[in-house]
Amino acid sequence: MKLFLANETAHSVDALRNSLPHAVLLTGPRGIGLRTIADSIAHDSISGYIEPTDAKGEVDAASGLIGITQIRDLTQHAINKSRSDRIYIIDDADKMNSQAQNAFLKLLEEPAPRVHFILLAHNDEGLLPTIRSRAQTVRVSPIDRASSEELLDLLRVIDSKTRAQLLFLAEGLPAELHRLATDSELFAQKARTISKARQLLQGTTLEKCSLINELSTDRTQTLETLSYAQRIIQHSLHEHPTSELIARADLISTAYDRIVANGYIRIQ
């Protein structure tokens, strides 16, 4: 399927295909399609993926981490000589723990010939400044409304109500738009989360307290609900900006940031 990119992102991706540096950092909002872009750049030269894992070593994108053992294994592979280009993709690179980041930094400082790294991060501030300084950063921008509509056309989403819902949930985010349009169960789950976000903003005190109690045991669901609450408020601000809405947006943003930093969910 066609790769949907904003114009400035497309130019950067074309340049990387023609001349890939030793290390590049692709960063952008979740759902923008960083992995798809990385695969298109690396093409047939992918030598391996490094992804967050749980304590059992199984891939866990939601709450896993990239540990020192994974980076040591990567180093053993990367230092071997090769006559062809080898590209390693580090997904959710910002989830490398401190030991892993320090080990990876040493690998960057002593680049092996014909070895390249593509780091993917939704929060590039989670990476050491010394890692960021040694990688070419490409910020992947959301696609425009026309491109989102074109993607829905390709996916044969005809119903106007469904299209409107999908665009609200994922406009500008091609990977997320594709997932939601092709996975009815995921779409229904996201719709339920939107309902929770509206309840958090517009419900009675009792309804809000009940929802907070429900969310307090699930950090991922809490963050997703707050994220959608932010988007609802941003939409309202665009239509009818008020000082009260600005203050609420600031409070939700603060709560989100504190919970990301492992703040106690119920208190926040």
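**A pocket, aromatic contacts and selected residues in a predicted model**

The second largest pocket encloses about 430 Å³ of space. Of the 17 residues lining this pocket, those closest to its centre are L200, L226, I252, A255 and Q268. The structure described here is a predicted model. Four helices, α9 (184-202), α10 (205-215), α11 and α12 (243-260), each contribute at least two residues to the lining of the second largest pocket. The largest share is that of α12, which provides seven residues. By character, the lining comprises ten nonpolar, three polar and four charged residues. In general terms, empty space is revealed by rolling a probe the size of a water molecule over the atoms.

Individual residues were then examined in two of the helices that contribute to this lining. Q221 belongs to helix α11, which spans residues 219-239. The relative accessible area of Q221 is 13%, so this residue is classed as buried, the limit for that class being under 20%. Beyond residues up to four places away in sequence, Q221 touches Q189, T193, K196 and L215.

Helix α9 contains F187 as well as S195. F187 has a relative accessibility of 17% and therefore counts as buried. With its neighbours within four places in sequence set aside, F187 is in contact with T162, Q165, L166, L169 and L180. A separation of 153 residues in sequence lies between F187 and L34, and their C-alpha atoms are 21 Å apart in space. S195, by contrast, is partly exposed, at 45% relative accessibility. S195 and Y264 are separated by 69 residues in sequence and by 23 Å in space, C-alpha to C-alpha.

Aromatic contacts were considered next. Two aromatic pairs were found in a search of the whole structure. In one of them, F104 and F117 meet edge-to-face, with 5.3 Å from centre to centre and 80 degrees between the planes. Because F104 lies in helix α4 (residues 98-109) and F117 in strand β4 (residues 115-121), this pair ties together parts that are 13 residues apart in sequence. Both partners are removed from the surface: F104 is buried at 0% relative accessibility, and F117 is buried with a relative accessible area of 1%. Ring pairs join Y88, F104 and F117 in a cluster.

Arginine side chains also lie over aromatic faces. R35 is positioned over the face of Y49, at 3.8 Å from the ring centre. In a further case, R231 lies over the face of F168, at 5.7 Å from the ring centre.

Backbone geometry was examined at two loop residues. Most residues other than glycine have a negative phi. H43, although not a glycine, has a positive phi of about 55 degrees. This residue is located in the loop between α2 (34-42) and β2 (46-50), and H43 counts as exposed because its relative accessibility is 57%. A positive phi, near 50 degrees, is likewise present at D92, which is a residue other than glycine. D92 is placed in the loop between β3 (86-90) and α4. With a relative accessible area of 5%, D92 is buried, whereas H43 is exposed.

Key
Residues numbered from 1 in each chain as written. Predicted model: local features only at pLDDT ≥ 70, side-chain atom pairs only at ≥ 80, totals over all residues. Heavy atoms only, no water. Buried < 20%, exposed > 50% of the residue type's maximum accessible area, 1.4 Å probe, protein only. Contact = heavy atoms within 4.5 Å. Phe/Tyr/Trp six-rings, centres within 6.5 Å; stacked < 30°, edge-to-face > 60°. Lys NZ or Arg CZ within 6 Å of the ring centre and 35° of its normal. 1 Å grid on protein atoms, 1.4 Å probe; cavity = no way out; pocket = protein on both sides within 12 Å on 5 of 7 lines; lining within 4 Å. Points joined across faces, edges and corners; volume = space filled by probe spheres on them. Nonpolar A, V, L, I, M, F, W, Y, C, P; charged D, E, K, R; others polar.
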